[in-house]
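Student: I am new to this structure and would like to go through it slowly. Could we take it in questions and answers?

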Amino acid sequence: MIIGLDHVAIAVPDLQEAIARFLDDFGLTYEGSEDVEAAGTTTAFFPVPGTSIELVHPLNGGGPLAKYLDKNGGGIHHICFRSDDVEADMVRLREKGYRLLSDEPQPGAHDTKTVFIHPKSCGGVLIEIAEHTHGAEGTAHAAG
Ligand code: CO
């Protein structure tokens, strides 16, 4: 079941420049960055009440996000709903015809298991569903 908006993710071609923007210009709290091997991304988190902003940048300059940036440039990349049972949500959404990007949940940042829904089956929006595996219901925690 979806229980919240975990984060909004922004694809950034220059991670340090984007961190400086959200930290210095917007005055958000920078919670640190994390490499997510499964997704091929480096992520940086800025918690805001109830949710987070997640910056995503290609890990080691490659992977699907690098292709995305080449094609689209920076911008809003995905939104992530927080779930209390990602497997159950996957079953329900598959039955409704949504195309998921993996057969099983993948490891995300901050001890989450996550799945992405293909934007072509979701009105052009890339949606992630993340379950915090350590029961972190805290609003400051975000997923990959
Ligand atoms: Co995400």
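Tutor: What follows looks at one helix and then at one metal site.
This is a predicted model, in which local features need pLDDT of at least 70 and side-chain atom pairs count only at pLDDT 80 or more, while totals for chains, interfaces and linings use all residues. Residues are numbered from 1 along each chain as its sequence is written, and side-chain values use heavy atoms, with hydrogens and water left out.

Student: Why are the buried residues of α2 on the same side of the helix?

Tutor: Helices here are DSSP runs of H or I with at least four residues, strands are runs of E with at least two, and both are numbered from the N terminus. Buried means under 20% relative accessible area, exposed over 50%, and partly exposed in between, with a 1.4 Å probe and protein chains only. In α2, residues 64–72, the buried residues are Leu65, Ala66 and Leu69. Because the directions from the helix axis to their C-beta atoms cover an arc of only 105°, they lie on the same side of α2.

Student: Which residues are exposed on the other side of α2?

Tutor: The side in question is the one opposite the buried residues, and exposed has the meaning already given. The residues found there are Pro64, Lys67, Asp70 and Lys71.

Student: Which residues coordinate the cobalt ion?

Tutor: Donors are N, O and S atoms within 2.8 Å of the metal (3.2 Å for Na, K and Ca), and since water is not among the atoms, sites may look incomplete. The coordinating atoms lie at 2.1 to 2.5 Å, and they belong to His7 (NE2), Glu54 (OE), His78 (NE2) and Glu128 (OE).

Student: How many residues apart are Glu54 and Glu128?

Tutor: Glu54 is buried, as is Glu128. Glu54 is in strand β4 and Glu128 in strand β8 (residues 127–132), so the pair links distant parts of the chain, 74 residues apart.
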